[in-house]
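Have a look at the strands in this one. Here is a short walk through how some of them pair up, followed by the overall picture.

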Amino acid sequence: MMILKSIHLSILLLSLLAITACKKTEEQEIVNTPMSLKALPVSDIGNATVTFHGQIEKINTEPIREIGFILVEKTQSGGATNTEIVLDHKDVQDGTTINYTYTSKNVFDPDAGYYYQFYIKTANGYYASYPIHFNVDNITVSSPTDLKYNLGETILLKGNFSQFKEQYYLSINVPDGERLAFSLKDDNQTLAITLPKTGFVHGAKLAITLNKPLSGQQYMNSKQLAEVTIVAKINEPTRLRYAYNDIVELTGTGLPEYYVDGLFLLVGDQRIPYVGRSTHFGRMVDLSGPSFRFGYVNGRDSVIFSKPMLVEQPSGDDLLFSTASIHPGNSFSSYGVDMYKYFNLKIDQAFLGDKPVSATIGSDYRYSYISIPNDFPEGSYTLKLKGGVSEIVSTKTIEVKKLQWDKINKNDFYVGDTIQLSGNFNTDNAYVLEFKNTGISQYGFSKNQQLNIVVPKLAPGSHQIKVYYYTGTGAPVYAVQEKTINILLPTLERINPQSVYFENVISIEGHGLTAVHKFYIGNQEAFFHIDEGGKTGWLTIPPVLPSGKHIISMETGYGKVEAKMLLEVL
């Protein structure tokens, strides 16, 4: 049995009805054991019909007196009409769903707002569901409502929009969300909606919401017409040439700052995740060749741009060497090319000519360091470096040649003299001059194909010399040339002044002078200081030296040398 009761209620009463398990009258009380009811979305909405669905989630033991629905219509004037629908359903339990199709005496007002509640009245209380709002207009969308669009694009929704009125407006998600520009076409069968140009990124879901304003209120009713998923659009790059570590700046609409699901870059034949508007060119994907296709996939579009991206290669003219020649087993540096820009952190392959060598990049990225094997053949070679997407071949060549020297500045030397050898010494390379059978060697650095070595303290006589360098593996490599030189006994040529008082300093000149020798005035040891070059030094007169004339002598370890002049102490 069904009873319809139409009652005009105040707005206050409507608010009270919206509360679950509220009092119907002051005499009714809610018992401690709750009852849970749920109203489901309506179905089969017609001009004057609608189907309600009430579900009992949890029932209690109270005797049921009445089950039904309450339909509320909010009119444009701000008032409300409450219709109570009582059903003959007393035998219910947990999980029971009650479906009821209601037919109104009057056609539904498309500008009115409607909601309904499911309720149960018991002997001890009154229980109601949360309200479910619905629309009864004939505005419908027949085209797909799950849409994917770029920002700024125009959506064309097909359907029945004949009941659209001038005061209606569209917004995003909620009535007070961003308003959308729209127009009606094709005898109100097409709704053209323009999406905003900014404000959302790829993957954002926008509910296209129809809002019907009510006089005296901001709105009365709203309903979702469609849901749009924003997909990003990447503009075709204007810059097409990039070096390995250049930054590719992507522009477009809906581009997020970081990784997002469903957006990919098409690079060559590969598909890689989008990771942000800025990305390192060479790190996007492993590439080969001078150019490649570039585009993107956003879940709706697969776009390949019309012009390929080009790999910018370093110029071989810019690749310079620290030396014009190199010995087998040695290393040299190359510079002039921004190694970070083109090669990032490492060089994958390096060649002199077509022969492999090892190469590393310096910490400041200005230099690369090239090491060649000990058995590398002599010849003139270009340098080729390969890494990532970059490859460079020098236009200049470097000569690999075994160590040779053919000239010496003289044959007779004093200790402290400089031995000058001429040959194919590499600039700033370290070499060792070995005095055979003495256990003594001297290090020196070459300059302008010359090696200058200071003669160490050696016994007078003939000494055979050899020159070698160390390879990168620590092995010594000797030049084939050898030479015999003669080391002369030091000399004391001149003192100045020849007459002094106590604690004065005198200068002394000679050959082979060195501070490792001991100096004496008479039989008293004197402090000796030598300048660079070993030809002039200074003696400090001992304070206990008696007046008179004294012999100045030098103990070399290989014999005693005396000055030709006597020193007079006054």
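## S331 and its sheet

S331 sits across from S371, a residue of β34. The two strands involved are β31 (residues 331-335) and β34 (residues 367-371), which run antiparallel and are held in register by five bridges. This is a predicted model, by the way.

Both strands belong to an open sheet of seven strands, and the pairing there is antiparallel. Reading across, the order goes β29-β31-β34-β33-β32-β36-β37. At the edges you find β29 (320-321) and β37 (390-393), each with pairing on one side only.

## The eight-strand sheet

Another open sheet has eight strands, this time with mixed pairing. Its order is β10-β12-β15-β14-β13-β16-β17-β11. The edge strands are β10 (140-141) and β11 (146-149), and each of them pairs on one side only. As a general reminder, strands of a sheet pair through backbone hydrogen bonds, in either the parallel or the antiparallel sense.

## Around β15

So what flanks β15 in that order? β12 is on one side and β14 on the other. With β12 (residues 154-160), strand β15 (residues 190-194) pairs in the antiparallel sense over five bridges, and L157 has L191 of β15 as its bridge partner.

The β14 side also runs antiparallel: five bridges join β14 (residues 179-185) to β15, with S183 standing opposite A192. β14 and β15 make a hairpin, with four residues between them. In that turn, D186 has a positive phi of about 55°. Is β15 covered or open? Mostly covered, with four of its five residues buried.

## The whole chain

Stepping back, the protein has 54 strands and just two helices to go with them. Its radius of gyration is 50 Å, while the globule rule gives 25 Å for 570 residues, so the protein is more spread out than a compact globule. Along the principal axes, the C-alpha atoms fill a box of roughly 150 × 60 × 45 Å.

Of the 570 residues, 45% count as buried. Take the contacts with a separation of 6 or more: residues 24 or more positions apart account for 61% of them.

## Surface and charge

The protein exposes about 28,700 Å², and carbon and sulfur atoms supply 49% of that area. On the charge side, there are 50 positive and 57 negative side chains. The centres of these two sets lie 3 Å apart.

Note on methods
Residues numbered from 1 in each chain as written. Predicted model: local features only at pLDDT ≥ 70, side-chain atom pairs only at ≥ 80, totals over all residues. Heavy atoms only, no water. Rg over C-alpha atoms; globule rule 2.2 N^0.38 Å. Buried < 20%, exposed > 50% of the residue type's maximum accessible area, 1.4 Å probe, protein only. Contact = heavy atoms within 4.5 Å. Areas by Shrake-Rupley, 256 points an atom, 1.4 Å probe, with all protein chains shown as cover. Lys, Arg positive; Asp, Glu negative; His and termini not counted. Charge placed at Lys NZ, Arg CZ, Asp CG, Glu CD. Pairing = 2+ DSSP bridges.
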